[in-house]
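Please look at the sequence and the model below, and then follow the charged and aromatic side chains through it step by step.

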Amino acid sequence: MVNLSLYTVRAVVMLDSEGNRLLAKYYARGQNTQHYKTAKEQKKFEGELFSKTRKSTSEIILYDGQTVLFKYVNDVYFYLVGNPEENELLLSSVLNGLVEAISLLLKHNVDKRSLLDNLDMTVLALDEAIDDGIALETDPNVIASNVSKRGVDTIDVSLANLNEQSLFDAYKQAKERFNLALLR
C-alpha cells in the first residue's frame, strides 16, 4: 500500500557517544500511532537503537518495524525514525538538511557541549525542518536562515545606545517597536 500521508516522521532523537539523550521529539499524528508513549518506553527504545547502530556502517536500518536513518557527527548520533513504507530518500534528505542546518548554526562545531549550549537554536532548527511529523524543509540554508532571523526580532537596547539618543528619540523608537510587536 502506498503511503499518501504527509506525516512521514515518527521521531527525531539525538544521543551522545554513550547513548544518553540530548534531545528527542516523538510525533503521533495522522497514521502514525505513537509506539513509545512513556518516557520509560522511549528510553528503552533509544538504548536499544543506540546499541544496534553504535558499530554499524550503514545509515539506514529497519528496526522495530520502522525505518531508522542515522548520522554520527563527532560525538553526537542523529536519528530520524519514519514509517516502514516511507521513502528513504525523502527521510535522508530531511535528516541531512537538519544536521547540516545545525552545523551551520553551530559554526561547524557540532559536538555534545556546543549542542547543549545552543539547545534553543537546535530545537528551533528541528521545528523549522519538521512540524508535528510533517517534513517542512530540507534545505539547510533556509532552515538556518529562519532560525537566525528569530534572534533579530529581539529588542536590543544597550546603555551606550541609550546614552547617544535624546529622550524623544528613545520614546519614538520604543513606540515603533511596540507597534511592530502588536502587528505580529
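A salt bridge, as the word is used here, is a side-chain nitrogen of Lys or Arg within 4 Å of a carboxyl oxygen of Asp or Glu. The model you are looking at is a predicted one, and it holds five salt bridges. Side chains of opposite charge can pair when their charged atoms come close.

One of these salt bridges joins D16 to K112, whose closest N and O atoms are 3.1 Å apart. The two partners come from distant parts of the chain, since D16 belongs to strand β1 (residues 9-16) and K112 to helix α3 (residues 112-117), and 96 residues separate them. Their surroundings can be described by relative accessibility: D16 has a value of 2% and therefore counts as buried, because buried means under 20%. K112, with a relative accessible area of 29%, is partly exposed.

Another salt bridge is formed by the side chains of D127 and K25, with 2.4 Å from N to O. Because D127 lies in helix α4 (residues 119-129) and K25 in strand β2 (residues 21-26), this pair ties together parts that are 102 residues apart in sequence. D127 is partly exposed at a relative accessible area of 31%, and K25 is also partly exposed, at 28%.

Which helix holds both K44 and E48? Both residues lie in helix α1 (residues 39-53), where they are four residues apart, or about one turn of the helix. They too form a salt bridge, in which the closest N and O atoms are 4.0 Å apart. K44 is exposed, its relative accessible area being 56%, whereas E48, at 34%, counts as partly exposed.

We can now turn from charged side chains to aromatic ones. A pair of aromatic rings is described by the distance of the centres and the angle of the planes. In this model the count comes to five aromatic pairs. For F70 and Y79, the ring centres are 5.9 Å apart and the planes stand at 35°, so this pair is tilted. Both F70 and Y79 are buried.

Y72 and Y77 make up another tilted pair, with 4.3 Å from centre to centre and 40° between the planes. Here the partners can be told apart by their accessibility, for Y72 counts as partly exposed at 43%, while Y77 is buried with a relative accessible area of 6%. These residues also belong to a wider grouping, as F50, F70, Y72, Y77 and Y79 form one aromatic cluster.

How values were computed. Residues are numbered from 1 along each chain as its sequence is written. This is a predicted model: local features need pLDDT of at least 70, side-chain atom pairs count only at pLDDT 80 or more; totals for chains, interfaces and linings use all residues. Side-chain values use heavy atoms; hydrogens and water are left out. Helices (H or I, at least four residues) and strands (E, at least two) are DSSP runs, numbered from the N terminus. Buried means under 20% relative accessible area, exposed over 50%, partly exposed in between (1.4 Å probe, protein chains only). Rings of Phe, Tyr and Trp (its six-membered ring) pair if their centres lie within 6.5 Å; planes under 30 degrees apart count as stacked, over 60 as edge-to-face and the rest as tilted.
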